[in-house]
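Work through the exercises below with the sequence and the model side by side, and try each task before reading its solution.

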Amino acid sequence: MQLIRTNSENRDFIQLVNQLDAEIRDRNMDNHEFYAHYNKIDKIKHVVLIYENKIAVGCGAIKFYDENTMEVKRMYTRPLARGKGVASMVLKELERWASELHFKNCILETGVKHEEAIGLYKKKGYRLIPNYGQYVSVETSVCFFKEVA
(Lines give C-alpha, C1' and ligand atoms only; values in the text may rest on other atoms or scores of the structure.)
Protein backbone atom coordinates (compact mmCIF):
# COMPACT_ATOMS: atom_id res chain seq x y z
CA MET A 1 0.00 0.00 0.00
CA GLN A 2 1.19 3.48 -0.84
CA LEU A 3 -0.16 6.75 0.59
CA ILE A 4 0.08 10.03 -1.27
CA ARG A 5 -0.91 13.58 -0.43
CA THR A 6 -2.63 15.55 -3.17
CA ASN A 7 -5.60 17.86 -3.68
CA SER A 8 -9.16 17.61 -4.94
CA GLU A 9 -8.14 17.97 -8.57
CA ASN A 10 -6.61 14.48 -8.53
CA ARG A 11 -8.52 12.23 -10.95
CA ASP A 12 -8.32 9.18 -8.68
CA PHE A 13 -9.82 11.21 -5.82
CA ILE A 14 -12.64 12.43 -8.04
CA GLN A 15 -13.38 8.86 -9.13
CA LEU A 16 -13.45 7.58 -5.54
CA VAL A 17 -15.69 10.47 -4.44
CA ASN A 18 -18.12 9.61 -7.23
CA GLN A 19 -18.29 6.05 -5.88
CA LEU A 20 -18.72 7.39 -2.34
CA ASP A 21 -21.56 9.67 -3.44
CA ALA A 22 -23.34 6.75 -5.13
CA GLU A 23 -23.05 4.66 -1.95
CA ILE A 24 -24.27 7.54 0.23
CA ARG A 25 -27.17 8.17 -2.15
CA ASP A 26 -28.25 4.54 -1.69
CA ARG A 27 -28.06 4.74 2.12
CA ASN A 28 -29.43 8.25 2.64
CA MET A 29 -32.01 8.60 -0.08
CA ASP A 30 -34.19 10.98 1.94
CA ASN A 31 -31.38 13.38 2.86
CA HIS A 32 -28.99 13.01 -0.07
CA GLU A 33 -29.51 16.51 -1.47
CA PHE A 34 -28.87 18.10 1.93
CA TYR A 35 -25.59 16.21 2.41
CA ALA A 36 -24.47 16.67 -1.20
CA HIS A 37 -24.65 20.43 -0.74
CA TYR A 38 -21.99 20.26 2.00
CA ASN A 39 -19.75 17.65 0.39
CA LYS A 40 -18.50 19.48 -2.67
CA ILE A 41 -14.80 18.90 -3.27
CA ASP A 42 -13.79 21.86 -5.42
CA LYS A 43 -12.12 23.78 -2.57
CA ILE A 44 -10.40 20.90 -0.77
CA LYS A 45 -6.64 21.42 -0.71
CA HIS A 46 -5.60 18.45 1.45
CA VAL A 47 -6.41 14.97 0.14
CA VAL A 48 -4.89 11.62 1.02
CA LEU A 49 -5.13 8.69 -1.37
CA ILE A 50 -4.06 5.14 -0.72
CA TYR A 51 -3.07 2.79 -3.52
CA GLU A 52 -2.89 -0.98 -3.59
CA ASN A 53 -1.04 -2.38 -6.59
CA LYS A 54 -1.18 1.08 -8.23
CA ILE A 55 -4.98 1.25 -7.93
CA ALA A 56 -6.57 3.92 -5.75
CA VAL A 57 -8.57 2.06 -3.11
CA GLY A 58 -9.23 4.70 -0.47
CA CYS A 59 -9.33 8.40 0.20
CA GLY A 60 -10.02 11.12 2.71
CA ALA A 61 -9.57 14.85 3.02
CA ILE A 62 -9.29 17.64 5.52
CA LYS A 63 -10.49 21.19 5.12
CA PHE A 64 -10.26 24.31 7.23
CA TYR A 65 -12.99 24.66 9.85
CA ASP A 66 -11.54 27.26 12.21
CA GLU A 67 -8.12 28.48 13.39
CA ASN A 68 -7.65 25.37 15.55
CA THR A 69 -9.64 22.75 13.68
CA MET A 70 -9.66 20.84 10.42
CA GLU A 71 -12.75 18.93 9.31
CA VAL A 72 -12.31 15.39 8.01
CA LYS A 73 -14.25 14.93 4.79
CA ARG A 74 -14.86 12.40 2.00
CA MET A 75 -13.56 9.26 3.71
CA TYR A 76 -14.08 6.25 1.47
CA THR A 77 -12.71 2.76 0.85
CA ARG A 78 -13.64 0.68 -2.19
CA PRO A 79 -15.67 -2.38 -1.13
CA LEU A 80 -13.03 -4.89 -2.28
CA ALA A 81 -10.37 -3.16 -0.13
CA ARG A 82 -12.42 -3.02 3.07
CA GLY A 83 -11.15 -4.87 6.11
CA LYS A 84 -7.50 -4.20 5.25
CA GLY A 85 -7.00 -1.10 7.41
CA VAL A 86 -7.23 1.34 4.50
CA ALA A 87 -9.50 3.83 6.28
CA SER A 88 -7.35 3.71 9.41
CA MET A 89 -4.22 4.51 7.42
CA VAL A 90 -5.91 7.37 5.57
CA LEU A 91 -7.33 8.82 8.79
CA LYS A 92 -3.98 8.63 10.55
CA GLU A 93 -2.28 10.45 7.67
CA LEU A 94 -4.97 13.14 7.66
CA GLU A 95 -4.49 13.68 11.39
CA ARG A 96 -0.71 13.87 10.92
CA TRP A 97 -1.14 16.40 8.13
CA ALA A 98 -3.52 18.54 10.21
CA SER A 99 -0.97 18.54 13.03
CA GLU A 100 1.86 19.47 10.65
CA LEU A 101 -0.28 22.41 9.50
CA HIS A 102 -0.46 23.49 13.19
CA PHE A 103 -4.09 22.58 13.76
CA LYS A 104 -4.94 21.12 17.17
CA ASN A 105 -8.17 19.28 16.43
CA CYS A 106 -10.11 17.33 13.87
CA ILE A 107 -13.89 17.17 13.69
CA LEU A 108 -16.15 15.22 11.39
CA GLU A 109 -19.72 14.32 10.63
CA THR A 110 -21.11 11.01 9.48
CA GLY A 111 -24.57 9.56 9.13
CA VAL A 112 -26.26 7.47 11.78
CA LYS A 113 -26.68 4.69 9.18
CA HIS A 114 -22.90 4.46 8.66
CA GLU A 115 -22.18 2.03 11.50
CA GLU A 116 -18.79 1.02 10.07
CA ALA A 117 -17.61 4.63 10.00
CA ILE A 118 -18.90 5.30 13.51
CA GLY A 119 -17.04 2.23 14.76
CA LEU A 120 -13.82 3.34 13.05
CA TYR A 121 -13.92 6.84 14.51
CA LYS A 122 -14.61 5.58 18.03
CA LYS A 123 -11.81 3.01 17.71
CA LYS A 124 -9.40 5.75 16.58
CA GLY A 125 -10.09 7.96 19.60
CA TYR A 126 -12.79 10.26 18.30
CA ARG A 127 -15.46 11.19 20.80
CA LEU A 128 -19.07 12.12 20.14
CA ILE A 129 -19.84 15.83 20.31
CA PRO A 130 -23.00 17.84 19.77
CA ASN A 131 -23.70 18.31 16.09
CA TYR A 132 -21.93 21.41 14.76
CA GLY A 133 -22.48 23.92 11.99
CA GLN A 134 -24.99 22.88 9.36
CA TYR A 135 -25.58 19.56 11.16
CA VAL A 136 -26.94 21.09 14.42
CA SER A 137 -30.57 20.13 13.84
CA VAL A 138 -29.96 17.10 11.62
CA GLU A 139 -31.13 13.97 13.45
CA THR A 140 -29.48 11.63 10.94
CA SER A 141 -26.01 13.08 11.63
CA VAL A 142 -23.49 12.27 14.34
CA CYS A 143 -20.41 14.39 14.93
CA PHE A 144 -17.01 13.56 16.40
CA PHE A 145 -13.95 15.37 17.77
CA LYS A 146 -10.33 14.41 18.34
CA GLU A 147 -7.32 16.38 19.52
CA VAL A 148 -4.45 15.72 17.08
CA ALA A 149 -1.74 18.17 18.22
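Buried means under 20% relative accessible area, exposed over 50% and partly exposed in between, with a 1.4 Å probe and protein chains only. The model is a predicted one, in which local features need pLDDT of at least 70 and side-chain atom pairs count only at pLDDT 80 or more, while totals for chains, interfaces and linings use all residues. Residues are numbered from 1 along each chain as its sequence is written, and side-chain values use heavy atoms, with hydrogens and water left out.

**Exercise 1.** Find what the search for disulfides gives and state the burial of Cys 106 and Cys 143.

Solution. Begin with the bond itself, which is a covalent one between the sulfur atoms of two cysteines. With a disulfide taken as a pair of cysteine sulfur atoms within 2.5 Å, the search of the whole structure returns zero. Then turn to accessibility: Cys 106 counts as buried because its relative accessibility is 0%, and Cys 143, at 0% as well, is also buried.

**Exercise 2.** Describe the helix H3 by its length, its buried residues and what follows it.

Solution. Helices (H or I, at least four residues) and strands (E, at least two) are DSSP runs, numbered from the N terminus. H3 covers residues 86-100, and its 15 residues reach 21 Å from first to last C-alpha, close to the 21 Å expected, where the expectation is 1.5 Å times one less than the number of residues. Its buried residues include Val 90, Leu 94, Trp 97 and Ala 98. Just after H3, His 102 adopts a positive phi of about 75°.

**Exercise 3.** Place these details within the whole protein.

Solution. The protein has four helices and seven strands, in the order β-α-α-β-β-β-α-β-α-β-β from the N terminus. Of its 149 residues, 47% count as buried.
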